[in-house]
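Reader: I am in my first year and still learning how to read a structure. Could you take me slowly through the nonpolar interior of this one, and tell me what the terms mean as you go?

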Amino acid sequence: MSTLLIDADDTLWENNIYFERAIARFISFLNHHEFSPGQVREVLNDVERECIVTHGYGLHSFAHALVRTFERLSVAPVTPELHAQIHSFAHTIADHSIETLPDVPETLQYLSERHRLILMTKGAFLEQTGKVERSGLKNYFAAVEVVAEKDPATYARVIEKYELAHNATWMVGNSPKSDINPALAAGLHAVFVPHGDTWILEHEELNPAPPGQKLLIVGRFAELRDHF
C-alpha cells in the first residue's frame, strides 16, 4: 500500500479562478491611465511575492498586496473608503462555495480503499481547514496537514511525522513549484496534475525525477485510478 500526499487548491477544487476574478475587478477599479492591465498585474505579482514573506499565503496576504499595489500606482491617497473597497475584492473570495474538480470524490473514494491518503495543503490554517470541512472530502483522508510553505524541509518533516517510506510515497498536485519539485528533492515520487489556471507564482519548470524516483504526468485527477 502506498501513501498519497494530495494537494487541495486547484488539485481537488477550484481556487485560483476566484483570485483571478478579484484581480480583474481590482485592475478595472484602479483604471490606471499610464499602466496597462498587464503592467498593473506585473506590479501586483511583485507585491504579492513581498507580502508572502511577511504575511504568508491566503486572503489576508492577498488583501495586503492589493492595498499596497493601489498605494504604489494610484495618484489618489488611499482613503478609508478606498481601503474598504479594495479589501472587498479579496473578501468576496471567502464567500464562494467549494467547487470540486471533475470526478474528484469518486476518485478519492477509489484511492482511499487502496492506499493511505493525506491531504497536504499550504496557506492560512483556518482558511484551509475551513475549505476542507466545506468540501465534504475530509473523510477520505487519514490526516490533514496545513503547512506554511511546501519546500523540501517541510516534506522531510511530514515524512518523519507519518513515518513514510520514500519509495512508497507520492505527492500529487498541480504546482511544479510547491508540489512536484520539492517533493522530488525530498526523495518522494510525484504525480503532476496540470490545471489551466495555476497561480502564476507557482509556475516553474518541472524537474526530472532523480534516479530511483518516478514522476507521472496525468491529464486529469480521475486518471490516478489507472495508476494506483
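Of the 26 residues in the largest nonpolar core, which ones touch the most other members?

Author: This is a predicted model, in which local features need pLDDT of at least 70 and side-chain atom pairs count only at pLDDT 80 or more, while totals for chains, interfaces and linings use all residues. Residues are numbered from 1 along each chain as its sequence is written, and side-chain values use heavy atoms, with hydrogens and water left out.

The members of the 26-residue core that touch the most others are F26, V40, F62, L66, F70, I86 and I93. A nonpolar core here is a set of buried Ala, Val, Leu, Ile, Met, Phe, Trp, Tyr and Cys residues joined through side-chain atoms within 4.5 Å, and buried means under 20% relative accessible area, with exposed being over 50% and partly exposed in between (1.4 Å probe, protein chains only). Four helices, α1 (16-30), α2 (37-55), α3 and α4, each supply at least two residues of this core; helices are DSSP runs of H or I with at least four residues, strands are runs of E with at least two, and both are numbered from the N terminus. There is also a second, separate core of 23 residues, which includes L12, W13, L137 and L224.

To see how the helices of the first core meet, it helps to take them in pairs. Two packed helices are described by the angle between their axes and the distance between the axes. For α3 (residues 59-73) and α4 (residues 80-94), the axes come within 9 Å and cross at roughly 145°; the axes are lines fitted to C-alpha atoms, for helices over the stretch in contact, and angles run from 0 to 180 degrees between N-to-C directions. The crossing of α3 and α4 is right-handed, a label used when the near helix is turned clockwise from the far one by less than a right angle, whereas an anticlockwise turn would be left-handed. On the α3 side the contact is made by L59, F62, A63, L66, V67 and F70, and on the α4 side by L82, H83, I86, H87, F89, A90, I93 and A94, where contact means heavy atoms within 4.5 Å. Sorted by class, this contact has 12 nonpolar, 2 polar and no charged residues, with Ala, Val, Leu, Ile, Met, Phe, Trp, Tyr, Cys and Pro counted as nonpolar, Asp, Glu, Lys and Arg as charged, and the others, Gly among them, as polar.

Three residues of this contact deserve a closer look. I93 lies in helix α4 and is buried, with a relative accessible area of 5%. Apart from neighbours within four places in sequence, I93 is in contact with Y18, F19, A22, L59 and F62. I93 and R21 are 72 residues apart in sequence, yet 9.0 Å apart in space from C-alpha to C-alpha. F62, with the same kind of neighbours set aside, is in contact with F19, A22, I23, E48, A90 and I93. V67, placed in helix α3, counts as buried at 7% relative accessibility, and beyond four places in sequence V67 is in contact with H83, I86 and H87.

The other pair to consider is α1 and α2, whose axes come within 10 Å and cross at roughly 120°, again in a right-handed crossing. Here E20, I23, F26, I27 and L30 in α1 meet P37, V40, R41 and L44 in α2, and by class this contact has 7 nonpolar, no polar and 2 charged residues.

Charged residues lead to a last point. Side chains of opposite charge can pair when their charged atoms come close. Within α2, D46 forms a salt bridge with R49, the closest N and O atoms being 3.0 Å apart; a salt bridge is a side-chain nitrogen of Lys or Arg within 4 Å of a carboxyl oxygen of Asp or Glu. These two residues are 3 residues apart in the helix, about one turn, and both are partly exposed, D46 with a relative accessible area of 41% and R49 at 45%. A salt bridge also joins the side chains of D7 and K150 (2.9 Å, N to O), and this pair links distant parts of the chain, 143 residues apart, with D7 in the loop between β1 (3-6) and α1 and K150 in the loop between β3 (143-147) and α7 (152-161). D7 and K150 are both buried.
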